[in-house]
Structures are given as C-alpha cells and as structure tokens.
Amino acid sequence: MSYVLIILGMAAITLLIRTTAFIVGERLVFPPLVRTALGFVPVTVLTAIIVPMAVSPHGNGAELTWRNPQLVGALAAVAVSALTRRPLLTIAVGLATFFVWQGVVLR
Amino acid sequence: MTQPDRFNEFVAGARDTIPMMIGAAPFGVIFGTLVTSGPLHLWHGQLMSLAVFAGSAQFIAVGLLAANASFVVLLATTFIVNLRHVLYSATLAPYVAHLPLRWRLLLGSMLTDEVFAVAWAHYRRHAPGTVGPYHFLGSGVAMYVNWQIWTLAGLLFGAAFPGLQSLGLDFAMVATFIAIVVPQLVAFRYIAAAVTAGVLAFLWQDWPYKLGLLGAVLVAVAVGVVLSRPGAIRQRAMEATR
C-alpha cells in the first residue's frame, strides 16, 4: 500500500473531523442542552490533557511527591492563576518553578 | 477592521501561542526521529506533518506503519484518536459561523488541542460575531509552521538530540492550559466537571487511542450538564416572570 495514499487518507479524515461543524456554518443551531454541554468542553478537555502529564509524567503510575517537578510546577501555576487570574504571570511562575525544581532543587 | 488591526490581531494570536510552540517542539523532533527509524522516507514524515498536522495521530500512525498495519486500521485509528476535535469545532462554531466558507475551512484545518485552547481563550471574552478571525489564524499559522520546523529538525538531526524528552519542555503546555482553565472555575459545576475530567483522564490514561481522554471528557461534560439543570430552570423561571 502506498504510504502517500495512507497519509492523504489520514489528512482527509482529520480535516473532515475538524471542519464538519464549521462547514455547516450559520445553519448549525444547537439545542440548549447541547450548548450547555459544549460550555463544559474547554475546561474538561484541557484538564483531562494536563492532569496525567502533571501527576504521572513518566506514564507509570502517580508520582504524588514533592520530587515530581511537573506536579510542583503545576500546583504553583494553579495557585498563581487562582490568586491573580493573570495568564502570563501564571505561565512564567509555573515554568520558573518547574525548571528551578528540576534543575536546582532536585539536583 | 483596518489592515494594521488585522496584522496586530494575527501577531497577538501567534504570541499567545508561543508557550504551546515550545511545548510542541520536542514532540516534533521526536516524531521526526521516529520516522527515520521506521519504514517511511524522510519526505513521507514531512508530508504527514504538512497534511495531517495532528501530533498524537502521527505518532500512532508511525508505530502502526512500522507494524505493517492495513490502510483501514490506520484510517480508523486516525478517526478515533482525532475524534475529540469534533468537540473543538462544535465549541468554536458559533464564533466563525459568519465567516465565508474558505475562512471556516482554513481555520478548521488548523484546529489542534493548542490552537483550540488559544482561540477559545480569546473568543470567550466576546459575543459571537464581534471578533475577527485573525487572532485564530495567527495562532494556527504559528503552530503549523512550528510543527513543520521541528519535524524537519527531527528528520535531519533527530539522532543528535538524545534525552530531549527528559528536558520537560512539554510542561510549557501544562502551565498554559492551567492559565486558561483556572480562571474558568468560577462555579461549583465547573470545578466538579474539571475534577471529574482530571481524575478519570488519569485513571484511564492507559486506554488505547486516547479513548481514555475522550471518555473522561464525555463523563465530565455530563457531570457539568447535570449540575447545570437547577440553575438553568431557575433562570428560565426568572425570564418567564420578567
């Protein structure tokens, strides 16, 4: 089987998944229940992506310990975001905590 | 919108995506490196990044191709792994519905996890239809170009970067998503939905094809919807008496 054909097939499927709701455009009117449900998508999907990355960064079980820089950095970011709601400050403090923890504290 | 405004919006979108670009860089390099060790030609790897532009699906596809999986298995896997993008485009659809079709196709084609996060964080502060597409476009183009560059770096020099994964650059994505999510946790129903999503995604992370992620999101959204019902009823009652 031609690899190019497989790649183009994958591209077509991905494009279809990503654009179907966009193609429908203004004719797409969601019922209230669906609108309520979609309102929870960002918060849930972004949390679902990052929690495993922070809690088990090596993919083999929970590392709920202060020796896990991903977890410590994430908790610092959560605290800064909850207190200040400032995205850039949250990212900066989270990254700084993570790299200092990984490179200095655990050294 | 004037020309400089469009440009500024585009740049702002790209700028808001910088942490995501840092986070995606190691994955691009690792993807490129994986291609060099499998049955694909180098240009196949770049073609996949150019045409598919979906990290998780590309990783899994390289593995499946090395294992001689069939065409149907590859397409079905791509479909399942990328299914969460349906939720992204449904969530953002009201904000792009007024645009010409070519704009909607262009923006949709760039809708990765990261671009969704950035675009939504920008749109949610405004009513649908009041914000132009240039911020979204800037984020998508930045992410797309970034993915091509790091794929190419992996294809050409992948073997020169051992231990790239241990640097933890992907933490930039974690920090950015936290900066977007935490300010949203303004009511109990959002907190409950987020906690459900996080716990289930952790417990189900070993499910194949990212199905654990999808399942966690669906259950968490259901929790949010159930908790929204009394509030929604009260609101409707208030509107009726107005």
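This passage looks at the fold of chain A and at its contact with chain B, as seen in a predicted model.

Chain A turns out to be a helical affair: five helices and zero strands. Read from the N terminus, the order is simply α-α-α-α-α. The chain doesn't pack into a ball, though. For 107 residues, a compact globule would come out with a radius of gyration near 13 Å, but the value for chain A is 20 Å. Along the principal axes, the C-alpha atoms of chain A take up a box of roughly 55 × 45 × 25 Å. Even so, 48% of the 107 residues in chain A count as buried. As for how the chain meets itself, take the contacts in chain A between residues at least 6 apart in sequence: 27% of these link residues at least 24 apart.

Then there is the partner. The contact draws on 59 residues from chain A and 69 residues from chain B. On the chain A side, the elements giving two or more residues are helix H1 (3-24), helix H2 (32-39), helix H3 (41-55), helix H4 (69-84) and helix H5 (87-105). H1(A) gives the most to this side, with 18 residues. In terms of chemistry, the side of chain A that touches chain B is made up of 41 nonpolar, 15 polar and three charged residues.

Put together, chain A is built from five helices, has a radius of gyration of 20 Å where a compact globule would have one near 13 Å, and brings 59 residues to the contact with chain B.

Methods
Residues are numbered from 1 along each chain as its sequence is written. Chains are lettered from A and ligands numbered from 1 in the order in which they are written. This is a predicted model: local features need pLDDT of at least 70, side-chain atom pairs count only at pLDDT 80 or more; totals for chains, interfaces and linings use all residues. Two residues are in contact if their C-beta atoms, placed from the backbone, lie within 7 Å. Helices (H or I, at least four residues) and strands (E, at least two) are DSSP runs, numbered from the N terminus. Ala, Val, Leu, Ile, Met, Phe, Trp, Tyr, Cys and Pro count as nonpolar, Asp, Glu, Lys and Arg as charged, and the others, Gly among them, as polar. The radius of gyration is taken over C-alpha atoms; the globule rule is 2.2 Å times the number of residues to the power 0.38. A residue is buried if 20 or more other C-beta atoms lie within 10 Å of its own, exposed if 12 or fewer, and partly exposed in between; C-beta atoms are placed from the backbone.
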